[in-house]
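Please find below my notes on the model, set out as numbered points. They are meant to be read with the coordinates open.

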Amino acid sequence: MMNNISELAYFGGEPKFKEKLFVGRPNIGNRDRLLERINDMLDRRWLSNNGIFVQEFEQRIAEHLGVKHCIAVCNGTIALELVIRALDLKGEVIIPSFTFIATAHALQWQEITPVFCDIDPKTHTLNPWRVESLITPRTSGIMGVHLWGQPCDVETLTEISSKHNLKLMFDASHAFGCAHKGKMIGNFGSAEVFSFHATKFMNTFEGGAIVTNDDDLNQKLRLMKNFGFAGFDNVVYLGTNGKMPEISAAMGLTSLESLDEFIEINRRNYYCYRDGLADIDGVSLFPVNDTERHNYQYIVLEIEEEKTQVSRDLLIEILHAENIIARRYFYPGCHRMEPYRSYFPHAGLLLPETEKLTQKVLILPTGTAISENDIHKICQVFKLAIASSYSQDKDLLKA
Ligand SMILES: Cc1ncc(COP(=O)(O)O)c(C=O)c1O
């Protein structure tokens with residue numbers, strides 16, 4: 001038990017952890033089962049091009065989500081790019097700025113302008129009323145992001161997109177295994193996109209998937225992800241290489257078998273953090289709606305410096321010194337990164353909530369690599385750093 005600020009590694013004490021604890025350390029399912037699958041794959045000598053693991057993976061995902069089609073691809077970014085092109089999006093598309101940069105890049109890569117919209121500070125997702133105010137004659141679509149697995153206001157966005165004849169799609173990279181009003185994420189808009197990157201709740205090393213209930217879109221996407229090939233020597237469409245390799249699908253199938261265990265551990269961790277960080281003035285844990293299915297993959301704190309008297313960034317430095325590699329996601333917001341910063345130097349004026357949130361968010365490690373005991377220790381460090389700011393050591397912390 002640490003009681004004194006001088007015990008913090010930031011001030012010269014021993015780091016609380018010998019090895020670094022990272023946000024997004026991969027969840028790994030049954031290793032033997034994975035290796036068995038890899039062996040089968042090698043025996044078959046079928047490593048890519050819609051192999052049997054990819055086919056099985058697509059079928060399992062579609063079943064799990066209750067959606068008609070799943071198209072497995074090599075990563076979430078390509079999945080976004082494919083949907084954007086298949087939906088024929090053009091001109092401007094409204095997205096949040098508070099998201100991973102790939103959401104914006106997937107549009108700009110195709111010379112479509114991402115129009116950054118502010119978020120609702122309660123849900124961290126698109127504020128639908130702000131969306132409506134950004135629609136212009138050039139707008140072709142809206143792309144919501146179910147950030148942290150928190151569903152967007154799907155109903156209002158659907159209403160707005162129908163009213164203005166716009167396409168609606170979702171970047172659901174964070175939301176595999178989450179539900180909205182009893183329906184699994186994957187069933188909303190024209191299509192939804194998942195990332196199965198190594199840091200995600202469920203991973204395929206690198207990978208992603210598009211899910212849709214639209215038969216035509218499914219057909220189109222399948223052609224597009226495979227250079228437009230409709231059979232040997234027969235290219236019928238413009239396409240790219242978005243194929244998921246067999247080894248990724250082998251990992252995906254193995255991860256799917258451990259999904260309940262991943263959720264249970266994440267859930268345990270979430271409550272452990274919630275108890276450990278309760279009642280700290282100025283620190284709030286982003287809430288999870290327990291009445292819906294959720295993956296609990298992100299431990300998202302908001303730090304209000306006026307109350308904690310320690311800045312979010314100083315807290316991160318203190319945690320890093322202890323080998324707790326906390327992160328500030330999605331700082332400083334897409335609109336403050338290139339090329340958008342140069343294109344739209346004043347975008348921040350329309351994004352007051354995004355600007356505030358990027359200064360407050362702090363992400364802590366969770367997942368199957370983190371134990372309850374780790375969390376108790378992380379919470380101790382956290383509390384000591386904050387409590388100390390009120391003590392005689394305040395000057396030390398401010399130094
Ligand atoms: C919100 C969001 N969108 C898109 C992506 C891109 O996915 P990928 O890394 O699989 O390309 C990610 C994660 O990396 C993400 O967090």
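Notes on the model

1. Strand β5 (residues 139–145) is largely enclosed by the rest of the structure, because seven of its seven residues are buried. Buried means under 20% relative accessible area, exposed means over 50%, and partly exposed is in between (1.4 Å probe, protein chains only). Helices (H or I, at least four residues) and strands (E, at least two) are DSSP runs, numbered from the N terminus.

2. This is a predicted model, in which local features need pLDDT of at least 70 and side-chain atom pairs count only at pLDDT 80 or more, while totals for chains, interfaces and linings use all residues. Residues are numbered from 1 along each chain as its sequence is written, and side-chain values use heavy atoms, with hydrogens and water left out.

3. Which strands does β5 join by bridges? Strand β3 (residues 92–96) runs parallel to β5, and three bridges join them. Strand β6 (residues 167–171) also runs parallel to β5, with five bridges. Two strands pair if DSSP finds at least two bridges between them. For checking the register, Glu 92 has Thr 139 in β5 as its bridge partner, and Met 143 stands opposite Met 169 in β6.

4. The structure holds zero disulfides (a disulfide being a pair of cysteine sulfur atoms within 2.5 Å). A disulfide is a covalent bond between the sulfur atoms of two cysteines. Why is Cys 152 without such a bond? The closest cysteine sulfur, in Cys 117, is 11 Å from that of Cys 152, which is too far for a bond. Cys 152 counts as buried, at 1% relative accessibility. Cys 379 is likewise in no disulfide, and the nearest cysteine sulfur, that of Cys 272, is 6.6 Å away. Cys 379 is buried, with a relative accessible area of 4%.

5. The structure holds 18 salt bridges. A salt bridge is a side-chain nitrogen of Lys or Arg within 4 Å of a carboxyl oxygen of Asp or Glu. One of them links the side chains of Glu 56 and Arg 60, at 2.6 Å from N to O. These residues are separated by about one helical turn, because they are four residues apart in helix α2 (residues 52–65). Glu 56 counts as partly exposed at 26% relative accessibility, and Arg 60 is partly exposed as well, with a relative accessible area of 32%.

6. Another salt bridge is formed by Lys 307 and Glu 304, whose closest N and O atoms are 3.9 Å apart. Lys 307 is partly exposed, with a relative accessible area of 37%. Glu 304 is partly exposed, with a value of 24%.

7. In helix α13 (352–360), Lys 356 and Glu 353 lie three residues apart, about one turn of the helix. The two form a salt bridge, with the closest N and O atoms 3.5 Å apart. Lys 356 counts as partly exposed at 45% relative accessibility, and Glu 353 counts as partly exposed at 24%. Elsewhere, Glu 58, Arg 222 and Lys 225 are joined into one network by salt bridges that share partners.

8. Is Ala 326 buried or exposed? Ala 326 counts as buried, at 2% relative accessibility. Ala 326 lies in the loop between β13 (324–325) and α12 (340–343). Leaving aside residues up to four places away in sequence, Ala 326 touches Val 23, Ile 316, Leu 319, His 320, Leu 362, Ile 363 and Leu 364. Contact here means heavy atoms within 4.5 Å. Ala 326 and Ser 162 are 164 residues apart along the chain, and their C-alpha atoms are separated by 40 Å.

9. His 346 is placed in the loop between α12 and α13. At 60% relative accessibility, His 346 counts as exposed. The C-alpha atoms of His 346 and Asp 313 are separated by 24 Å, with the two positions 33 residues apart along the chain as a sequence offset.

10. Phe 227, Phe 229 and Val 235 make a nonpolar surface patch of about 250 Å². Patches are made of residues with over 30% relative accessible area and no salt bridge: like charges are joined within 9 Å, and nonpolar side chains (Val, Leu, Ile, Met, Phe, Trp, Tyr) within 5 Å. Accessible areas come from the Shrake-Rupley method with a 1.4 Å probe, and for residues only the protein chains shown count as cover. Val 235 is found in the loop between α7 (215–224) and α8 (246–257), and is partly exposed, with a relative accessible area of 48%.
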